[in-house]
Structure formats: structure tokens, C-alpha cells
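Biologist: Please take a close look at a single part of this model, the largest pocket. What is its volume, and which residues and strands line it?

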Amino acid sequence: MRTFKTIILGAMLTMTTLSASAQDLKPQVLADNHVMLRVSTDKRFVLLPVEESQDNDHIRVIRDNQVMQELNVRLAVNKVDYYVPLDIKCLKAENSQNVLLDIVVNRGDAANSASKAATSDFAAWKQMKTSDTYDMTNRERFRPVYHHTPAYGWMNDPNGMFYKDGVWHLYYQHNPYGSQWENMTWGHSTSTDLVNWKFEGEAIVPDALGTIFSGSAVVDHDNDAGFGRGAIIAYYTSAGRAQKQCMAVSTDNGKTFKKYEDNPVLVSNIPDFRDPHVFRYDDGQTKKWVMIVSEGQHMKLFSSSNLKTWTFESNFGEGYGCHAGVWECPDLLKMDNGKWILVCNINPGGPFGGSATQYFTGTFDGHQFICDSEPTVTKWMDWGKDHYATVTFDNAPDGRHVAMTWMSNWQYANQVPTRQYRSSNGVPRDLDYFEYKGAGYVSVKPSKEVMAAFSAKPQANLTPACRVDVQLRDKATITLSNSKGEQVVMTYDAAKETFSMDRTKSGETAFSNDFAAVTKAPTFGKIKTLRLFIDRSSIEAFDADGKMAMTNTVFPSEPYSRLMVKGGKAKVYPLKVAK
């Protein structure tokens with residue numbers, strides 16, 4: 001029997017119950033801000049106690065007098081909110097059975113009267129444990145059922161996505177040592193159906209060049225890079241004193257990566273230079289690789305024949321679209337009709353505050369992208385508050401443009417009411433192109449794999465994880481509510497060609513002044529069928545024809561159990577449970 005779970009644990013981390021060693025970890029306090037701990041490597045993990053209200057402490061993991069790893073963790077002073085696992089088994093050496101944790105304690109702005117205990121009395125030293133296991137059993141009532149989430153820790157942008165041999169590979173910005181942004185690595189999950197995901201561990205980790213920011217990966221079918229046919233070539237931003245573009249290679253279908261010895265492959269003197277996206281360009285005469293990278297508030301385009309040496313081609317962006325924030329996470333897509341879509345994520349500057357995805361339509365000749373809209377026109381891919389870092393899978397089947405998004409907003413991502421994990425991805429969606437009143441737009445539809453996850457037979461009642469299809473008349477109001485009086489109200493007006501979602505009374509909102517909001521979208525004509533994807537802490541609304549999308553997270557104190565529709569007829573579709 002198969003059930004739809006957002007996390008299926010991989011063999012790398014087979015976690016059951018927390019079984020900790022009785023080893024006595026006694027700190028050596030060298031100063032108020034300096035502590036050392038010697039830890040035996042006879043167990044796999046050091047379980048680090050975290051208290052989220054504290055500031056980050058800096059830990060150097062030392063073996064044989066060499067620094068093997070550095071990380072930042074909010075070590076517990078007063079109480080333990082949760083534990084995070086530091087894998088030390090891999091550091092075991094013949095001539096040393098121990099590692100040394102060299103810790104610089106930082107209380108900074110988080111210091112208060114309650115946290116000014118003597119360094120030797122910190123809860124971290126009393127509660128720190130060693131263990132061969134780490135408990136990843138879900139402890140969060142808001143964790144989605146059919147959306148991808150990290151098994152534990154923080155997640156933001158999707159990275160390095162590709163499809164190969166029937167498997168979808170999703171990498172993502174991950175903090176394995178806490179549920180707030182820090183220690184950026186590439187976490188890795190895989191799926192065969194874009195709904196059930198298996199956590200594969202950390203794929204690319206920080207090094208001497210910096211932490212690992214966003215990027216992309218391609219399948220090198222023709223061995224252009226010289227690492228073998230079908231090798232996976234990943235590009236990412238190393239964020240150290242400067243942001244520069246680096247490369248890593250996998251010859252085992254993305255399970256492990258070896259960093260390129262001549263990194264970095266691209267540098268810039270602009271501080272915000274990041275998120276390389278690479279794709280294959282082929283117009284029938286010219287075949288080459290193209291990289292689009294964000295730099296400040298514009299995009300830079302480069303080309304290569306060998307995936308190693310890159311030649312500058314052109315810039316795009318000056319004077320076009322929204323420039324209220326930094327441009328990030330680009331993508332460049334050729335549609336079936338020959339039109340090109342340049343995807344540009346921006347933070348801040350979204351239509352309702354914070355981060356969002358804008359895009360441009362036009363042409364691309366392998367050298368330069370030419371936008372076909374007026375410079376002052378801004379087009380948004382999604383009209384909710386929680387849709388960012390939209391990028392597509394390389395090598396998707398049938399030439400499809402399958403996108404994933406980060407379902408959160410930088411205005412409050414670190415404060416949402418979860419702790420075991422933070423953030424999820426929106427449902428995978430296929431991108432296409434449509435025209436309305438002489439202008440071109442991106443069409444957004446849930447991927448067919450997502451649609452296949454739901455039963456063809458409707459059910460009577462609303463459930464915490466379901467799909468609702470609403471046949472709309474010219475004016476309609478759709479209300480989701482629970483017994484606590486919490487509600488989300490959606491309103492459609494065919495004459496005004498608008499759709500809105502009001503989450504101001506949706507449940508928990510006090511964690512941020514920016515969360516309670518009403519979002520409103522143009523519909524570019526009439527919506528006949530509205531599709532709502534509801535999953536514990538999110539509502540995604542799609543025009544079935546692809547002309548409108550709106551993604552918002554919600555945190556109701558209990559699931560919405562009531563559905564009321566005025567001006568339409570709704571059917572509720574449950575998730576399938578296959579035998």
C-alpha cells in the first residue's frame with residue numbers, strides 16, 4: 001500500500017528513535033566566548049542542542065589538528081528547542097578516535113537577562129549527546145502531505161534540478177544545522193512521480209571558497225565536458241568574500257559530486273553575482289551551452305562549447321520590469337511556438353511585498369534576449385505571497401518545462417510557526433505560453449504527475465490534503481473555514497477579470513506583520529474551472545486553462561473542514577491510496 005508522504009527517509013540517514021550515548025561531554029571553557037569539546041567518533045552523530053532565540057555560535061570541527069568543517073549553530077543557553085545532527089563518523093581516522101569541537105560563543109543582540117548564565121552552565125553542554133541515530137519522525141502539524149519539504153532544517157531555493165532515467169532530482173538550499181537560514185549546502189531529494197520524495201542527504205557542501213548558493217545542473221549527453229556521456233554537471237555560486245560561479249561533476253547520476261579543480265569558472269566585481277542557470281541551445285545550425293547569471297539588477301549571458309570555459313554574450317535588464325530589489329534565480333526557456341521566456345525572481349519588489357517571480361517574453365538568438373514588451377511592463381508568474389525562486393528541470397521528458405518554486409516569502413520565512421523544518425516547495429507545474437489581447441504571457445498548470453495523484457472520484461467532505469475543482473459562474477465566493485472561526489475567502493469577478501484570496505483571518509498570522517494579506521490577480525479572460533490544491537499549510541489556486549496562478553501559505557489552528565461556494569459548484573478530490 002502506498003501513501004503520499006512528503007518525506008521518505010533515505011538509506012544515508014536511517015533514523016529511528018533517538019538513542020544517545022551516555023558519554024559525558026564536558027566543556028573546556030577557555031573564556032566567556034570560547035569553549036572546546038573533545039568527542040569520540042565511536043558514534044555517528046553529535047546531537048547539537050538548538051535554541052532558536054539565540055544568535056549563531058561558530059563551530060570548527062578539528063581532526064588531527066586540521067579544520068575539517070565549519071558551521072554556525074544557535075546552541076542552547078536556557079532550553080533545547082530541538083536537536084540537529086553533526087555527522088562525525090566520516091571523520092574517524094586510524095591515528096585519532098576523537099574530534100575536537102572548537103566553539104566561539106556569540107550572544108550578540110539576542111543576549112538578555114535570562115541568557116547571561118555562565119558559559120559553563122549553558123544547556124548545550126548538559127544536553128549535547130552522541131548517537132548512532134537521529135529521529136526524523138515528523139513532529140509538525142503543518143508539514144504538508146503531498147508537497148516536498150526538507151526532512152529537517154531550513155530550505156529555500158530549489159537548485160540543480162534534472163530528470164534522468166525515470167527519476168526527478170531536486171536539490172535545494174539547505175541548512176542541516178537549524179531551521180533558519182544559515183550554512184548553505186545543496187540538500188538532495190529524488191522522486192519518480194513528483195509527489196513522493198526521498199531524502200538523499202547533502203550533495204554539495206561548503207568549502208574554502210564559501211557556502212553553496214543556488215544554481216543548476218545539466219545532463220551532458222554528448223560528453224562535451226569530458227567527464228563521460230551522461231555525466232551531471234552542476235553549477236553553483238560559492239559565497240565567500242565574493243560571489244563566484246563554480247562547477248561540480250557527478251558520474252553516479254547525481255548521488256555524489258566532485259568539485260572542479262579549476263574553480264571558480266566565472267567571477268565578477270559586482271557583489272550580487274549568483275544563481276547560474278545552464279541550458280543547451282540548438283537552433284538547427286548552432287549547438288552550444290548557454291549560462292544566464294544574475295548580477296545586481298540585470299542578467300548576464302555566457303556561452304560555452306565544453307561547459308568549462310565561458311564567453312560573455314550580452315546583458316539584459318536595464319530599464320525593464322521591476323527593479324525594486326535584487327534580481328535572482330534566472331531561467332531562459334524556449335516555448336513550442338518559438339517564443340522565449342526569461343524568468344527573473346526578485347526580492348523585494350513582489351506585487352504584495354517581499355519576494356516574487358517576474359518574467360519577460362521575447363526572442364533569443366543564442367547571443368541576446370530581446371524583450372517584446374514595453375520596458376515599463378511587469379509580468380508576474382504567480383500572484384500570491386509565497387511563490388519564489390522559480391526554476392525548471394533540465395532534461396525533462398517530452399520537452400516539457402517543469403518548474404519548482406520555493407513556497408515562502410523572505411519577509412517572514414524565518415518566522416513561520418514550524419521548527420523541525422521550515423519551508424516547502426509548491427506543487428510542480430508545467431510552464432507554457434499564451435496570448436491575450438495581443439500580449440504574450442506564461443501559462444502555469446499543475447504538472448500531470450500532480451493531477452494523477454488524486455482520485456478521479458470526488459468525495460463529500462473537505463480534508464486537510466485534497467484538490468477542489470470549482471465550476472465558476474460570473475461572480476463567485478469560495479470560503480474555507482474551521483470550527484475556530486478561521487477562514488480563507490476567495491472571490492472571483494468575471495466582469496473585472498479578477499481573482500483574490502484573503503488570508504487575513506486564516507489562522508496564525510501574528511508571527512509577522514507582513515503575513516496577513518489579500519492577494520489579487522488578473523485572470524486574462526474568464527475562468528471556467530478553478531483548481532485549488534489544499535495541503536495543511538498551503539492553498540494554491542490555478543485557472544484550469546493556465547492563465548492565472550496564486551500561491552499562499554496558511555497556518556490554521558485546526559484544518560479547514562468546511563467549504564462554502566456561492567456562484568459555483570465544487571467537487572473535492574482526495575489523494576489516491578494505491579494498493
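Modeller: In this predicted model, the volume of the largest pocket is about 1,100 Å³. Its lining is made up of 42 residues. Nearest the centre of the pocket lie Gln69, Tyr177, Thr185, Glu202 and Val205. Five strands are listed as giving two or more residues to this lining: E6 (66-73), E7 (82-87), E11 (167-175), E12 (185-191) and E13 (198-204). Strand E6 gives the most, with six residues. Sorted by class, the lining of the largest pocket holds 18 nonpolar residues, 13 polar ones and 11 charged ones.

The second largest pocket can be described in the same terms. Its space comes to about 670 Å³, and 27 residues line it. Here Phe279, Arg280, Tyr281, Asp394 and Asn395 lie nearest the centre. The elements that give two or more residues to this second lining are E14, strand E18 (273-282) and strand E22 (326-334). Strand E18 gives the most, with six residues. By class, the second lining has 11 nonpolar, six polar and 10 charged residues.

Strand E14 also belongs to a sheet. This open sheet has four strands in the order E14-E15-E16-E17, and their pairing is antiparallel. E14 (211-220) and E17 (258-259) are at the edges with a single partner strand each, so one side of each has no neighbour in the sheet. Between them in the order, E15 (residues 231-239) and E16 (residues 243-250) pair over eight bridges. Within this pairing, Ser238 stands opposite Lys244 in E16.

Notes:
Residues numbered from 1 in each chain as written. Predicted model: local features only at pLDDT ≥ 70, side-chain atom pairs only at ≥ 80, totals over all residues. Heavy atoms only, no water. Pairing = 2+ DSSP bridges. 1 Å grid on protein atoms, 1.4 Å probe; cavity = no way out; pocket = protein on both sides within 12 Å on 5 of 7 lines; lining within 4 Å. Points joined across faces, edges and corners; volume = space filled by probe spheres on them. Nonpolar A, V, L, I, M, F, W, Y, C, P; charged D, E, K, R; others polar.
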